[in-house]
Amino acid sequence: MPFNDEKQCVGEDQPSDADSSRLSESTASLSDYECSRQSFTSDSSSKSSSPASSPPRVVTLDEVMATAKNLVNLTLAHEIAVNENFEVKHVDLPENSLASRVKSIVHQAYWDVLESELSAEPPEYDHAIKLFEEIREILLSFLTPGGGNRLRNQICEVLDTDLIRQQAEHSAVDIPGLASYIISTMGKLCAPVRDDDVRKLKATGNIVEVLRQIFQVLELMSMDMANFLIRSFRPHFQRQLVDYERSKFQEILEETPSALDKTTQWIEESVNEELLSLSETALTPGAESSSKPSLSPTLVLNNSYLKLLRWDYQKKVFPETLITEEARLQELTEKLNQLKIIACLSLITSTTVGAVTEGLPELAGRLKRISAVLLEGLCEKTFNMKEVLNSIGVKSCAEINKTLMERGLPPLNAEVQANLIGQFSSIEKEDNPIRSLIDKRIQLYLKSLLGLPSPKKCLPPMPGGLAVIQPELEVLGCQYANIVNLNKQVYGPFYANILRKLLFGEEAAGKTDASSSAN
């Protein structure tokens, strides 16, 4: 398994489990300043897990390639472990595209050459022998190591290329017989979903077309085997994920010392925002003044994570330590923005026409579905928010009037409808009071969620005004908290060092120097 090998390749400075656990806890569980101060100014961090500053240097191509390989391996392992639906899929090139035409022409030329060689007098078998050799290796790759010795020996004997070459010298190669054996073996090794594909091979008469289709089915079988291995190894990946990702990122950091620049900038923004908030509080009349503002590392880090759900993916580069979660967080951000607008529209509806629609719970569900459908694609560049909000207003008024008339009640008058549609349209502005209120309450809920040890078992109370989106927000919140908690486990030591420098830089350095001198 690659995990064992990778762990052996890490240098002797790799942190112990106790050190890593202590640093992770300092960023994930400490809440008061004094405890955080002791943890972040202590010299218990390991050398390799803490990003060390280094002078600028020239990065070679080999180092760049090694970093890229580590990043690919890290990303792939992470995706396999956290994404239950991850699998290898067959990708078809777009029809009539340049790549598709080139592939078709090259493949057709190859099979045409093979057909001409087998049709020659006497036949030429050079390409055919190479094909059988490749088929043999593919079939052997489907066998488990140490198992299937009888079938392995049989495949090697029947598809022995040296023997086939000797037969070719005497024009005695039984191509149809070899193809028949290959098809029979494929039937024994393939997944049940490929049984029909294998049966169709036997019905093909042209031997070159048979070989061509054999390769197509072998490609699908290889994909099936890859997905089977992914499913089999996923539990192991999940158990080893934290250590594996941390060691891989440490290797990336050693190859590229600037690999934490964006992460540092991301955390530093939260530090500056918290300091500004504290300074404004200190200027408030009646507030107690202190000589130096104190920040909790846990608070700073959680606020940094909250910023990810308001990230501008078009303009800002994502932190390096969260690159494996960028797609998932972007998807959650898009869903959250949609839920935020739905909550705003629901609040406006209840305050504007709540007296009329009171006692009609099914109406609220229908209005929610109307909003959700029209808000699809909210984050796309071509999305016209003002136009969509106006359409939601018109459809909502029509649905409300329909419900009222079914119950023998008078519909909304023109003035109320115009007022409702106008308030819906005003949600387009980000500084809209209702939109700001809903946003603050959602942020409060998510912030409370990050403070819980196990979000799935005990969810925080839902703030007022969010009842209409409560089921969706709870699911989204748990997904978000799982991403954050896993990220803290993996990159806690790196965050600890960054926070130590940003929050206690001078004191931490002085304490380290003092302890070094004492020794």
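Select Leu98, Val102 and Val106 first: on the surface of this predicted model, these three residues form a nonpolar patch. Together they present about 280 Å² of accessible area. Extend the selection to residues 98-119 to display helix H5, the element in which Val106 is found.

Next, show the whole protein chain. The secondary structure consists of 19 helices and 0 strands. Of the 519 residues, 41% count as buried. The accessible surface comes to about 28600 Å², and carbon and sulfur atoms contribute 53% of that area. Consider also how the chain meets itself: among contacts with a separation of 6 or more, 75% are accounted for by residues 24 or more positions apart.

From the whole chain, move to the interior and select Ile267, Tyr305, Leu329, Leu446, Ile469 and Tyr480. These residues have the most contacts inside the largest nonpolar core, a set of 81 residues. Which helix supplies the largest share of this core? Colour residues 470-518 to see helix H19, from which 15 of the core residues come.

Centre the view on Ile469, one of the residues with the most contacts inside that core. Apart from neighbours within four places in sequence, Ile469 is in contact with Leu339, Ile342, Ala343, Lys368 and Ile442. For the second core, which is separate and has 38 residues, select Leu159, Val173, Phe215 and Leu218, which are among its members.

Now select residues 385-406, which make up helix H16, and locate Gly393 within them. Is Gly393 buried or exposed? Gly393 is buried because its relative accessible area is 0%, under the 20% cut-off. Add Ile421 and draw a distance between the two C-alpha atoms: Gly393 and Ile421 lie 28 residues apart in sequence, yet 4.5 Å apart in space. Phe424 should be added as well; leaving aside neighbours within four places in sequence, Gly393 is in contact with Ile421 and Phe424.

Finally, turn to the cysteines, beginning with Cys156 and Cys344. Cys156 has a relative accessible area of 33%, which lies between the 20% and 50% cut-offs, so this residue is partly exposed. Cys344, in contrast, counts as buried because its relative accessibility is 0%. How many disulfides does a search of the whole structure find? A disulfide is a covalent bond between the sulfur atoms of two cysteines. The search finds 0 disulfides in the whole structure.

Terms used:
Residues are numbered from 1 along each chain as its sequence is written. This is a predicted model: local features need pLDDT of at least 70, side-chain atom pairs count only at pLDDT 80 or more; totals for chains, interfaces and linings use all residues. Side-chain values use heavy atoms; hydrogens and water are left out. Patches are made of residues with over 30% relative accessible area and no salt bridge: like charges are joined within 9 Å, nonpolar side chains (Val, Leu, Ile, Met, Phe, Trp, Tyr) within 5 Å. Accessible areas come from the Shrake-Rupley method with a 1.4 Å probe; for residues, only the protein chains shown count as cover. A salt bridge is a side-chain nitrogen of Lys or Arg within 4 Å of a carboxyl oxygen of Asp or Glu. Helices (H or I, at least four residues) and strands (E, at least two) are DSSP runs, numbered from the N terminus. A disulfide is a pair of cysteine sulfur atoms within 2.5 Å. Buried means under 20% relative accessible area, exposed over 50%, partly exposed in between (1.4 Å probe, protein chains only). Contact means heavy atoms within 4.5 Å. A nonpolar core is a set of buried Ala, Val, Leu, Ile, Met, Phe, Trp, Tyr and Cys residues joined through side-chain atoms within 4.5 Å.
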